[in-house]
Amino acid sequence: MGARSTVAVLERELHAGDEGENPRYWCEWAWTGEPGAVVAPGVLVEVDTGGRIVAVTPDTAAPADAEWLPGLTIAGLANTHSHAFHRALRGRTHAGGGSFWTWREQMYGVAERLTPDSYFRLARAVYAEMALTGITAVGEFHYMHHAPGGKPYDDPNTMGAALVAAAGEAGIRITVLDTCYLAGGIAPDGRHRPPEPRQARFTDGDADAWVARVDAFRPSSAHARGGAAVHSVRAVPVDQLAPIVAWADEARAPLHAHVSEQPAENEAAMAAYGRTPTAVLARARALGERTTLVHATHLSDGDVRAIRAAEAGVCLCPTTERDLADGIARTGDLVAAASGEKPAVRISLGTDQHAQIDMFDEMRGAELHERLRTGRRGTLDAQHLYRAGTANGHAALGWGTATAPEAGALRPGARADLVNISLDSVRLAGFEPAHAPGTAVFAATAADIRHVMADGQWIVRDRAHLSVPDTALELGSVIRELYA
């Protein structure tokens, strides 16, 4: 960071909030996120009153009426895959070893305790934690639909409405990926089991009932959109997929699915259908440009080809995938362009069960896992990883398209999401502009984020959330109540 006097800093900070009709922000350094863009000095960003960027001007002196943002400013991050209530498990699942399947038993215990009120309070605090880390949009993979035992609430979408309200109070955008969850897994003979009692609140009974409930859910807030999700081929029998796919097609909505997270999932799909989970979805016409497959840690060669041919996306969640011992995705195979094949698969990123909420960790984790898998460095460079954490994620959540995302880059017409990174920490000491992309992706952490703006409104200032000022206290209180 260039040398600045204390007086100059204070003078510019006095302009914060003293903005004209179109607020202007002068970024000491900015990474716009446009393809091939370098980190530029002196970038002036002008925002209209509707929360959109109207001008981005690099290499300019700081105007007197602009708020000065020292350090490095980037676009808002997108968390493509979240289960908000899993945050209550952080730090509580590491005794005694086990696997994904033993972890799942503890997750069911938390799920049984949630009410609409506690779900709202927990989600609001989790989304505020996300905002503190630079996340301005989240995809909530939502299957907590009904009361314990499976009885619908008077409003059958009460729990989804709680998520929308929680995101609104935390100041971030949300795509509620309403998840169809109908079965309790696949038995060794290939037949789907009925839901277990602990899974009863997840299920609508069949896909047509899921469609009827989702059709009745119309978030009226500008910060919320809807989408569809297939929990997995374990939880949704193949003869129930068509109504879900049709709903997503008609709504032009995102369609997400857990795919091949565990070898046992592949074995179950082969027992039931003689096909991998990806092949089951492909046969049901569930793969397409609006489809995002989550995890994809155990894909076959044919799966990779099918995903590429359909131009579907893949969401990796590296911190969760290593925490749950899921495995390592074939990231290089997904993004490597082979002769005559479709373009590389779009990679997005999520924090999933929130063992940590730090999108920089997810970005570098995607590359570092690939290094462990292949023994090679640099399959995904900093530009590619940054796009995975920004524009690709926003597009996967229905905020724009893959070719024209509404957010994830600092450019005219985009949503005014600004994430300001302090360069003063020991982690980022020695910052050099020529290497800024690598520094941001491979060295920064969520703790380095100073200010966050979403849709033209500051939601985090000086590392404090403006509407949930004691986020840690809120999280601690609601989590302790769930275990009381």
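Strand β1 and strand β2, the latter covering residues 39–47, pair in the antiparallel sense over seven bridges, and in this predicted model that pairing is a convenient place to begin. Within it, the residue of β2 that serves as bridge partner to Y25 is V45. β1 also has a connection to strand β4 (residues 67–75), to which it is joined by five bridges, and here the two strands run parallel. An example from this second pairing is W26, whose bridge partner in β4 is W68. Strands of a sheet pair through backbone hydrogen bonds, and the pairing may be either parallel or antiparallel; β1 takes part in both kinds, antiparallel with β2 and parallel with β4. The surroundings of β1, which spans residues 24–31, can be described as well: seven of its eight residues are buried, so the strand is largely enclosed by the rest of the structure.

From here the reader can turn to another sheet. Eight strands form an open sheet in the order β5-β6-β7-β8-β9-β10-β11-β12, with parallel pairing. Its edges are occupied by β5 (77–82) and β12 (346–349), and because each of these has a single partner strand, one side of each is left without a neighbour in the sheet. On average, and with direction ignored, neighbouring strands of this sheet are turned by 25° against each other.

Inside that order, strand β7 (residues 173–180) and strand β8 (residues 224–230) run parallel and are joined by seven bridges. One of the residue pairs concerned consists of V176 and its bridge partner in β8, G226. Helix α5 packs on the sheet, where it touches β7 and β8, and its direction makes about 155° with that of β7.

The same helix leads on to a contact between helices. Two packed helices are described by the angle between their axes and the distance between the axes. For α5 (residues 207–215) and α6 (residues 241–251), the axes come within 8 Å and cross at roughly 25°, and since angles under 35 degrees count as roughly parallel, α5 is therefore roughly parallel to α6. The crossing of these two helices is right-handed. On the side of α5 the contact is made by A207, D208, W210, V211, V214 and D215, while α6 contributes P243, I244 and W247. By residue class, the contact of α5 with α6 comprises seven nonpolar and two charged residues, with no polar ones. Helix α5 thus has contacts with β7 and β8 of the sheet and with α6.

Methods. Residues are numbered from 1 along each chain as its sequence is written. This is a predicted model: local features need pLDDT of at least 70, side-chain atom pairs count only at pLDDT 80 or more; totals for chains, interfaces and linings use all residues. Side-chain values use heavy atoms; hydrogens and water are left out. Axes are lines fitted to C-alpha atoms, for helices over the stretch in contact, and angles run from 0 to 180 degrees between N-to-C directions. Helices (H or I, at least four residues) and strands (E, at least two) are DSSP runs, numbered from the N terminus. Angles under 35 degrees count as roughly parallel, over 145 as roughly antiparallel, 65 to 115 as roughly perpendicular and the rest as oblique. A crossing is left-handed if the near helix is turned anticlockwise from the far one by less than a right angle, and right-handed if clockwise. Contact means heavy atoms within 4.5 Å. Ala, Val, Leu, Ile, Met, Phe, Trp, Tyr, Cys and Pro count as nonpolar, Asp, Glu, Lys and Arg as charged, and the others, Gly among them, as polar. Buried means under 20% relative accessible area, exposed over 50%, partly exposed in between (1.4 Å probe, protein chains only). Two strands pair if DSSP finds at least two bridges between them.
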